[in-house]
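Biologist: Before we go through the contacts, please put the sequence and the structure up. I will ask, and you can answer from the coordinates.

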Amino acid sequence: KPLPGEESMPVRYVNLEDAKAFAAWRSERDGVTYRLPTEAEWEYAARNGTKQNLYPWGDTYDAKCAVLDGVNNDPKPVGSTPCANQWGVKDLIGNVFEWTQAPAALYPGSAGEIAPRPEPHFMLRGGGAFYKSTGKTAITATFRQDAAASLRSTALGFRLVRAKAGKS
C-alpha cells in the first residue's frame with residue numbers, strides 16, 4: 001500500500017519476488033493474468049516496435065519526455081511526462097529502473113561472459129531519475145543492466161503486462 005501522499009508515485013524498494021507476488025495477487029483479484037515483461041517485450045515497447053526508435057517518442061532525446069539527470073533518485077509521479085510510445089505507454093525511460101522476468105544474459109552473438117554470482121541476477125530496463133541522458137552510459141531504449149534478484153532500491157520498481165485472453 002502506498003504511503004499517504006505518494007499514491008501516484010512509482011512503486012519502489014521492491015525485489016523481484018515482491019514484484020512477482022504483486023502480479024499474482026493482482027491476477028487473482030482481477031481474474032486476468034499479469035506478469036513482468038520479458039526483456040524483449042520491454043525493449044519492443046520502448047523502441048516503438050518495428051520502428052526501432054532510440055527512445056519511445058522517437059530518435060532524438062527530449063528532456064521533457066524522461067525523468068533523468070536528477071540530483072538524486074527521487075522519482076516524479078507516474079505519467080508526469082507528456083511523451084508516450086505509439087501505444088500510449090509512458091515512463092519507459094527514466095524515473096525508476098524496471099524489473100523484467102529475464103535472467104541476466106548477454107545479447108545473442110556477444111563474445112562477452114557473465115561471471116558466476118552468489119545469487120541469480122535479472123535484467124533491469126528504463127533507468128532511474130539520477131541516471132544521465134548523455135555520455136557513455138546514457139539511458140536510451142537499449143540501455144540494460146542486471147541486478148541481484150534480492151535487490152531493493154530507491155531507483156528500482158516494476159510495471160506489469162497483461163496477457164491476452166487465453167495466453168499467459
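Modeller: One term first: buried means under 20% relative accessible area, exposed means over 50%, and partly exposed covers what lies in between. Also note that this is a predicted model.

Biologist: Is Asp69 buried, exposed or partly exposed?

Modeller: Asp69 sits in the loop between helix H2 (39–46) and strand S2 (97–103). Its phi is positive, about 65°, although Asp69 is not a glycine. The relative accessible area of Asp69 is 36%. Because that value falls between 20% and 50%, Asp69 is partly exposed.

Biologist: Which class does Tyr13 belong to, buried, exposed or partly exposed?

Modeller: Tyr13 also has a positive phi, about 60°, without being a glycine. Its place is in the segment before helix H1 (16–30). With a relative accessibility of 46%, Tyr13 counts as partly exposed.

Biologist: How far apart are the closest N and O atoms of Glu39 and Arg125?

Modeller: Both Glu39 and Arg125 are buried. The two residues form a salt bridge, for which a nitrogen of Lys or Arg must be within 4 Å of a carboxyl oxygen. In Glu39 and Arg125 the closest N and O atoms are separated by 2.9 Å.

Biologist: Why does this pair tie together separate parts of the chain, and how many residues apart are they in sequence?

Modeller: Glu39 belongs to helix H2, whereas Arg125 belongs to strand S3 (residues 121–125). The salt bridge therefore links parts of the chain whose separation in sequence is 86 residues.

Biologist: Which residues are joined into one network by salt bridges that share partners?

Modeller: The structure holds 11 salt bridges. Outside the question of the network, Arg35 and Glu41 meet at 2.8 Å, N to O, and Asp62 pairs with Lys64 at 2.7 Å. The residues joined into one network through shared partners are Glu39, Glu43, Arg47, Arg125 and Arg144.

Biologist: Which backbone oxygen lies 3.0 Å from a polar side-chain atom of Arg47?

Modeller: Arg47 is in the loop between H2 and S2 and, at 15% relative accessibility, counts as buried. Leaving out residues up to four places away in sequence, Arg47 touches Gln52, Asn53, Ala141 and Thr142. The backbone oxygen at 3.0 Å is that of Gln52.

Biologist: Which backbone nitrogen does the side chain of Asn95 reach?

Modeller: Asn95 lies in the loop between H2 and S2 and is buried, with 3% relative accessibility. Not counting residues up to four places away, its contacts include Pro10, Val67, Pro75, Lys76 and Gly127. At 2.8 Å, the side chain of Asn95 reaches the backbone nitrogen of Lys76.

Biologist: What is the C-alpha to C-alpha distance between Val67 and Leu106?

Modeller: Val67, in the loop between H2 and S2, counts as buried at 10% relative accessibility. Among its contacts beyond four places in sequence are Ile93, Asn95 and Ala129. Leu106 is 39 residues from Val67 in sequence, and the distance in space, C-alpha to C-alpha, is 27 Å.

Biologist: Which element gives the largest share of the largest nonpolar core?

Modeller: In soluble globular proteins, nonpolar side chains tend to be buried together. Here the largest nonpolar core has 22 residues, of which Ile93 and Trp99 touch the most other members. H1, H2, S2 and S3 are the elements that each give two or more residues to this core. The largest share, three residues, comes from H2.

Biologist: Which residues does Ile93 contact, leaving aside neighbours within four places in sequence?

Modeller: Ile93 is one of the two residues that touch the most other members of that core. Its contacts are Trp42, Pro56, Trp57, Ala66, Val67, Leu68, Gly126, Ile139, Thr140 and Ala141.

Biologist: Which residues form one aromatic cluster?

Modeller: A search of the whole structure gives eight aromatic pairs. One aromatic cluster is made up of Phe22, Trp25 and Phe158.

Biologist: Over the face of which ring does Arg144 lie?

Modeller: Arg144 is one of the members of the salt-bridge network. In a separate case, Lys132 lies over the face of Phe130, at 4.7 Å from the ring centre. For Arg144 the distance to the ring centre is 4.0 Å, and the ring is that of Tyr107.

How values were computed. Residues are numbered from 1 along each chain as its sequence is written. This is a predicted model: local features need pLDDT of at least 70, side-chain atom pairs count only at pLDDT 80 or more; totals for chains, interfaces and linings use all residues. Side-chain values use heavy atoms; hydrogens and water are left out. Helices (H or I, at least four residues) and strands (E, at least two) are DSSP runs, numbered from the N terminus. Buried means under 20% relative accessible area, exposed over 50%, partly exposed in between (1.4 Å probe, protein chains only). A salt bridge is a side-chain nitrogen of Lys or Arg within 4 Å of a carboxyl oxygen of Asp or Glu. A polar contact is a pair of N or O atoms within 3.5 Å; within protein, one must be able to donate a hydrogen and the other to accept it, and residues adjacent in sequence count only if both atoms are side-chain atoms. Contact means heavy atoms within 4.5 Å. Rings of Phe, Tyr and Trp (its six-membered ring) pair if their centres lie within 6.5 Å; planes under 30 degrees apart count as stacked, over 60 as edge-to-face and the rest as tilted. A charge sits over a ring if NZ of Lys or CZ of Arg is within 6 Å of the ring centre and within 35 degrees of the ring normal. A nonpolar core is a set of buried Ala, Val, Leu, Ile, Met, Phe, Trp, Tyr and Cys residues joined through side-chain atoms within 4.5 Å.
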